[in-house]
Amino acid sequence: MDDKKIFVTRPSMPSFEEYTEEIKSIWESQWLTNNGAEHEKLKKELQDYLGVEHVELLTNGHMALELSLQALGLKGEVITTPFTFVSTTNAIVRNGLKPVFCDIRPDDYTMDPDKIESLITENTCAIMPVHVYGNVCQIEKIGEIARKHHLAVIYDAAHTFGIRYKGRGIAGYGDASCFSFHATKVFNTIEGGAVCCNAEMAETFGKKLACLKDFGIVDEETVSWIGPNAKMNEFCAAMGLCNLRHVNDEIARRKLVNDRYRKNLEGIEGIQLNAVQKDVTPNYAYFPVVFDKEKFGADRDEVFAKLKENNIFARKYFYPAVNAMDCYKEYDPMETPVAYCMSHSVLTLPMYASLGMDEIDRICEVIRACGK
């Protein structure tokens, strides 16, 4: 057994020298938070990179989701997916809204639009789909349904930084798109997040969001809403500025990792690899693999355990499905059978730009040895 440990992810970071050069001005200004120069510069550069008219930076991706729902002033039910990180659902519940779970598509793991309308009631106020593993939702179909029933659409776009769909940045879809800039993501600000919207939404929604992330403060003497402290600080913004300079190279190197995995694992019976989506410029955020024990000879948990024995740490992502978690016991996970099945079958393999080709080959050798 190789003693070298391979973890599921490794954060991308600039050189120490680049980061310290970027933060020099913070020492000079002593402006550490509250929309300082680094914060404002990152907002502008993200607007340009993502191709959107308004970006609001926040302390993390969860607050991006939670405050977007609050800023829209929604009441009632929100249709979402159980095949996501629990943050998505928690953001709904913490706003006093009721999550209604829609099943997913088996090929790209995103919300199945053909199952949405049957879930719409007089209490439905919004749809919160999730772009999963960098796979883009069925945007046109979801948009048609939302317009037909006058529903808001807030995308959880945590996995899709830099992705383009039909030549347009993914951040520009829906009433709002919410991103996570956590250390594990393709682009990170150590911890951070953002909400993106168009100019029309920025006039009302965007301005309210900017107040909500600062305790609901409008000006020195006016507090109009009840909000948390969810502002991004200058040091996180500086890390974002550094990482943004290198993000295209980060994605290009992730593609090499993706391609090596595919070379090793494509065509093996009982292994389903991530679908290649038409009209999508990908970011190679994750490498999910679905295992069929009957055909492959080992199930997901057996492969996970064997990798761990060899100091390779993959992730059961997402497991359990949200509607199977202890905190959501009132739901029946079997009402979304595809999501339930995928949550027991999918494993995300180590994926980061600096993962070596020999390390990928080692991972795949262990996986292949699990089969028949």
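User: Before we get to strand 5, what does "buried" mean here?

Analyst: Buried means under 20% relative accessible area. Keep in mind that this is a predicted model. Now take strand 5, residues 152-156. A152, I154 and D156 point one way, V153 and Y155 point the other way, and all of them are buried. The strand is mostly covered, with five of its five residues buried.

User: How many residues of strand 4 are buried, then?

Analyst: Five of the five, so strand 4 is largely enclosed by the rest of the structure.

User: Which way do strand 4 and strand 5 run, and how many bridges join them?

Analyst: They run parallel, and two bridges join strand 4 (residues 124-128) to strand 5. To find the register, look at the partners: A126 has A152 as its bridge partner in strand 5, while I127 has V153. I127 also has a neighbour in strand 2, where I79 stands opposite. Four bridges join strand 2 (residues 77-80) to strand 4, and these two run parallel as well.

User: What about the sheet with strands 12, 14 and 15? In what order do they come?

Analyst: The order is 12-14-15, in an open sheet with antiparallel pairing. Strand 12 (271-273) and strand 15 (346-349) are the edge strands, each pairing on one side only. On average, neighbouring strands of this sheet are turned by 30 degrees against each other, direction ignored. For a detail you can click on, strand 12 is joined by three bridges to strand 14 (residues 287-291), running antiparallel, and Q272 stands opposite V290 of strand 14.

User: Which helix lies across those strands?

Analyst: Helix 7, residues 234-265. It lies across strand 12, strand 14 and strand 15, at about 20 degrees to strand 14.

User: How do I read the packing of two helices?

Analyst: Two packed helices are described by the angle between their axes and the distance between the axes. Here, the axes of helix 2 (residues 37-50) and helix 7 come within 7 Å and cross at roughly 30 degrees. Angles under 35 degrees count as roughly parallel, so helix 2 is roughly parallel to helix 7. The crossing is left-handed.

User: Which residues make that contact?

Analyst: From helix 2, they include L42, L46 and Y49, along with charged-class picks such as E38 and K41. From helix 7, they include L241, L244, R245 and I251. By class, the contact has ten nonpolar, three polar and five charged residues.

User: Let's do backbone geometry. Where are the cis peptide bonds in the loop between helix 9 and helix 10?

Analyst: For a cis bond, check omega. The bond from Y317 to F318 is cis, with omega near 20 degrees, and F318 is found in the loop between helix 9 (300-309) and helix 10 (337-343). Another cis bond joins Y319 and P320, with omega about -10 degrees. P320 is found in that loop between helix 9 and helix 10 too.

User: And phi: what is it near for Y109, and is Y109 buried or exposed?

Analyst: Phi of Y109 is near 70 degrees, a positive value in a residue other than glycine. Y109 is found in the loop between strand 3 (98-101) and strand 4, and it is buried, with a relative accessible area of 0%. D279 also has phi near 70 degrees. Its place is in the loop between strand 12 and strand 13 (280-281). At 39% relative accessibility, D279 counts as partly exposed.

Technical notes:
Residues are numbered from 1 along each chain as its sequence is written. This is a predicted model: local features need pLDDT of at least 70, side-chain atom pairs count only at pLDDT 80 or more; totals for chains, interfaces and linings use all residues. Side-chain values use heavy atoms; hydrogens and water are left out. Two strands pair if DSSP finds at least two bridges between them. Axes are lines fitted to C-alpha atoms, for helices over the stretch in contact, and angles run from 0 to 180 degrees between N-to-C directions. Contact means heavy atoms within 4.5 Å. Angles under 35 degrees count as roughly parallel, over 145 as roughly antiparallel, 65 to 115 as roughly perpendicular and the rest as oblique. A crossing is left-handed if the near helix is turned anticlockwise from the far one by less than a right angle, and right-handed if clockwise. Buried means under 20% relative accessible area, exposed over 50%, partly exposed in between (1.4 Å probe, protein chains only).
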